[in-house]
Amino acid sequence: MSTSKVQIALVLPDLLGTYGDFGNAVVLEKRMTWRGISAEIVNIRFGEPVPESCDIYVVGGGEDTAQTLAVRHLREHPGMQRAASRGAVVLGVCAGIQIFGESFTRADQVTHGGLGLIDSTSHAGGSRAIGEVIATPADGLFEGVLTGFENHQGRTVLGPSARPLAHVKVGTGNDGRVEGAVQGRILCTYLHGPVLPRNPQIADLLIEWATGAKPSPLDLPDVTRLRAERTKAAGVTA
């Protein structure tokens with residue numbers, strides 16, 4: 001880690017904060033604090049340089065224009081990419097999974113270069129994917145089902161260097177079959193909710209990657225109840 005305190009970079013929340021994805025950074029900070037791990041959130045707004053010294057980077061969702069502005073900014077200030085190259089943990093949600101790839105094609109059919117953090121390409125699908133998603137873990141990466149809410153038109157195709165986060169049971173995810181992407185310590189998903197409050201096992205996986213130690217268990221009945229409610233709403237028994 002960069003210091004004795006785990007630094008969580010919340011990247012461009014003023015551009016990529018449409019769906020409350022800042023909550024993912026809050027969950028990471030709280031779940032570490034509750035375990036006695038010192039952590040802080042570092043807000044990085046549009047126009048500000050992106051430090052390469054943070055331990056975890058969190059990128060949220062946004063519309064096409066914001067997405068294009070974000071990738072331009074991150075190219076000009078490549079601190080996150082440099083951090084990822086040394087093994088820092090990166091979470092990308094919705095717009096994140098698209099701009100982290102090699103390229104993304106917007107609804108206007110204009111193709112933009114991505115950041116090249118994951119082996120993927122994205123394009124606009126014929127219809128918008130909206131609603132609850134339930135998916136099962138790929139390759140035993142985490143325990144329990146993945147649950148979240150999607151609202152996107154993008155479709156993402158993974159290349160051989162990336163692997164899916166999960167296999168879709170309900171909803172669309174990347175393409176109706178798989179959801180998200182994992183490559184090294186970069187984890188991406190289309191899911192909001194935000195995704196980490198709804199899936200604490202994913203939050204703890206990111207914490208483990210960042211700290212090098214498996215987090216101790218936390219007993220949070222409200223989270224268990226919420227997960228059961230959302231899976232039931234999607235017509236699935238967790």
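The second largest pocket of this predicted model holds about 220 Å³ of space. Its lining consists of 18 residues, and those closest to the centre are D64, Q98, R128, Q153 and G154. Four elements each give two or more residues to this lining: the helix α2 (64–76) and the strands β5 (103–105), β7 (120–137) and β8 (146–158). Of these, β8 gives the most, with 4 residues. Sorted by class, the lining of the second largest pocket has 9 polar residues, 5 nonpolar ones and 4 charged ones.

One residue close to the centre of this pocket is R128. The unreviewed UniProt entry lists R128 under "binding site". R128 is part of strand β7, one of the elements that supply two or more residues to the lining of the second largest pocket.

Is R128 buried, partly exposed or exposed? Its relative accessibility is 39%, so R128 counts as partly exposed, since that class lies between the limits of 20% and 50%. Residues up to four places away in sequence aside, R128 touches Y19, E63, N151, H152 and Q153. With one of these, N151, there is also a polar contact: the side chains of R128 and N151 come to 2.7 Å. Another of the residues that R128 touches, Q153, is itself among those closest to the centre of the second largest pocket.

Strand β5 also gives two or more residues to the lining of this pocket, and T105 is found in that strand. T105 has a relative accessibility of 15% and therefore counts as buried, the limit for that class being under 20%. Apart from neighbours within four places in sequence, T105 is in contact with V110, T111, S122, H123 and A124.

The largest pocket remains to be described. About 530 Å³ of space lies in it. The largest pocket has 20 lining residues, and R31, E143, P200, Q201 and D204 lie nearest its centre. Two helices, α6 (200–211) and α7 (221–233), each supply at least two residues of this lining.

Which element gives the most to the lining of the largest pocket? That element is α6, with 5 residues. By class, the residues lining the largest pocket divide into 9 nonpolar, 8 charged and 3 polar. For the second largest pocket, by comparison, the numbers are 5 nonpolar, 4 charged and 9 polar.

Terms used:
Residues numbered from 1 in each chain as written. Predicted model: local features only at pLDDT ≥ 70, side-chain atom pairs only at ≥ 80, totals over all residues. Heavy atoms only, no water. 1 Å grid on protein atoms, 1.4 Å probe; cavity = no way out; pocket = protein on both sides within 12 Å on 5 of 7 lines; lining within 4 Å. Points joined across faces, edges and corners; volume = space filled by probe spheres on them. Nonpolar A, V, L, I, M, F, W, Y, C, P; charged D, E, K, R; others polar. UniProt positions renumbered as here; feature names shortened; annotations may be inferred. Buried < 20%, exposed > 50% of the residue type's maximum accessible area, 1.4 Å probe, protein only. Contact = heavy atoms within 4.5 Å. Polar contact = N/O pair within 3.5 Å; in protein donor to acceptor, adjacent residues only side chain to side chain.
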